[in-house]
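Please open the structure in your viewer and keep the selection tool at hand. The tour proceeds by steps, each naming a selection and then describing what is found there.

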Amino acid sequence: MSIKDPLAFQVFNEIGIINQLTNAAFAAVLPKGMTIAQFTVLNHFIRLELDAQSPAKLARAFQITRPTMTSTLARMAKAGLVVIRADPEDGRGKLVSVTESGRKMRDICLNQLAGPLAEANALLSPEIMGELLPLLQDVRAKLDSQRD
């Protein structure tokens, strides 16, 4: 990377590389059949304490196409991690909810991630992590407010 690259590009390039590194480490320890995409859907529901969401809203939240989200949700439903049902307010629409098995799977995944997270904790002090978290949350919130 050139020092002449725009600062914003340099920052987001670093974040992208961190994302690739962490996704590879996480994917290596997730339970058989569980993908990063499926884990992030479960995590999204639980982190935001969502009851039900339409596939379209989920696709927008993850910035992916509706067919891609529909495919992910279908695999998750087949595995019993989510339930997809008709939207009572929109006859053509669907609503997705996380099942108890899905909640348990998220917990299992978090336990499996203990190794990579411990490695990160060994490399980065709690002070650095504590400084980074609010900065990253602020960046995420500002970018998130601009996408719709």
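The stops below go from the whole chain to its hairpin, its loops, one helix residue and finally a pocket.

**Stop 1: the whole chain**

Begin with the entire protein chain displayed as a cartoon, and bear in mind that this is a predicted model. The protein chain contains 7 helices and 2 strands. Followed from the N terminus, the elements come in the order α-α-α-α-β-β-α-α-α. Turn the view along the principal axes: the C-alpha trace spans about 55 × 35 × 25 Å.

Next, switch on the surface. The protein chain exposes about 10300 Å², and carbon and sulfur atoms supply 59% of that area. Of the 148 residues, 25% count as buried. Among the contacts with a separation of 6 or more, 49% are between residues 24 or more positions apart.

**Stop 2: the two strands**

Select residues 82–87, which make up strand β1, and residues 90–98, which make up strand β2. How do these two strands run, and how many bridges join β1 to β2? The strands run antiparallel, and 6 bridges join them. Together β1 and β2 form a hairpin, with 2 residues between them.

Two pairs are convenient to pick out. Select aspartate 87 and then its bridge partner in β2, aspartate 90. Afterwards select valine 83, whose bridge partner in β2 is serine 97. While the side chains of the hairpin are displayed, recall a general rule: in a regular strand the side chains alternate between the two faces of the sheet.

**Stop 3: two loop residues with positive phi**

Most residues other than glycine have a negative phi. The next two selections depart from that pattern.

Select glutamate 49, in the loop between α2 and α3. Glutamate 49 is not a glycine, yet its phi is positive, at about 55 degrees. Is glutamate 49 buried or exposed? Its relative accessible area is 71%, so glutamate 49 is exposed.

Then select glutamine 63, which lies in the loop between α3 and α4, the helix of residues 66–78. Glutamine 63 also has a positive phi, here about 60 degrees, although it is not a glycine. With a relative accessible area of 56%, glutamine 63 is exposed.

**Stop 4: threonine 72 and what it touches**

Move to helix α4 and select threonine 72. Why does threonine 72 count as buried? Threonine 72 counts as buried because its relative accessible area is 6%, and the cut-off for buried is under 20%.

Now display the surroundings of this residue. Apart from its neighbours within four places in sequence, threonine 72 is in contact with Ala37, Gln38 and Val41. Measure from threonine 72 to alanine 37 in the viewer: these residues are 35 residues apart along the chain, and their C-alpha atoms are separated by 7.3 Å.

**Stop 5: the largest pocket**

Select Ile15, Asn19, Thr22, Leu136 and Arg140, the lining residues that lie nearest the centre of the largest pocket. This pocket has a volume of about 2500 Å³, and its lining comprises 45 residues. By kind, the lining divides into 25 nonpolar, 11 polar and 9 charged residues.

Which helix gives the most to the lining? That helix is α1, with 13 residues. Colour α1 (7–29), α2 (36–47), α3 (55–62), α6 (114–123) and α7 (126–145), each of which supplies at least two lining residues.

**Stop 6: proline 134**

For the last selection, remain in helix α7 and choose proline 134. Proline 134 is partly exposed, with a relative accessible area of 45%. Add isoleucine 15 to the selection: the two residues are 119 residues apart in sequence and 15 Å apart in space, C-alpha to C-alpha. Isoleucine 15 was selected at the previous stop, as one of the residues nearest the centre of the largest pocket.

Terms used: Residues numbered from 1 in each chain as written. Predicted model: local features only at pLDDT ≥ 70, side-chain atom pairs only at ≥ 80, totals over all residues. Heavy atoms only, no water. 1 Å grid on protein atoms, 1.4 Å probe; cavity = no way out; pocket = protein on both sides within 12 Å on 5 of 7 lines; lining within 4 Å. Points joined across faces, edges and corners; volume = space filled by probe spheres on them. Helix = DSSP H or I, 4+ residues; strand = E, 2+ residues; numbered from the N terminus. Nonpolar A, V, L, I, M, F, W, Y, C, P; charged D, E, K, R; others polar. Pairing = 2+ DSSP bridges. Buried < 20%, exposed > 50% of the residue type's maximum accessible area, 1.4 Å probe, protein only. Contact = heavy atoms within 4.5 Å. Areas by Shrake-Rupley, 256 points an atom, 1.4 Å probe, with all protein chains shown as cover.
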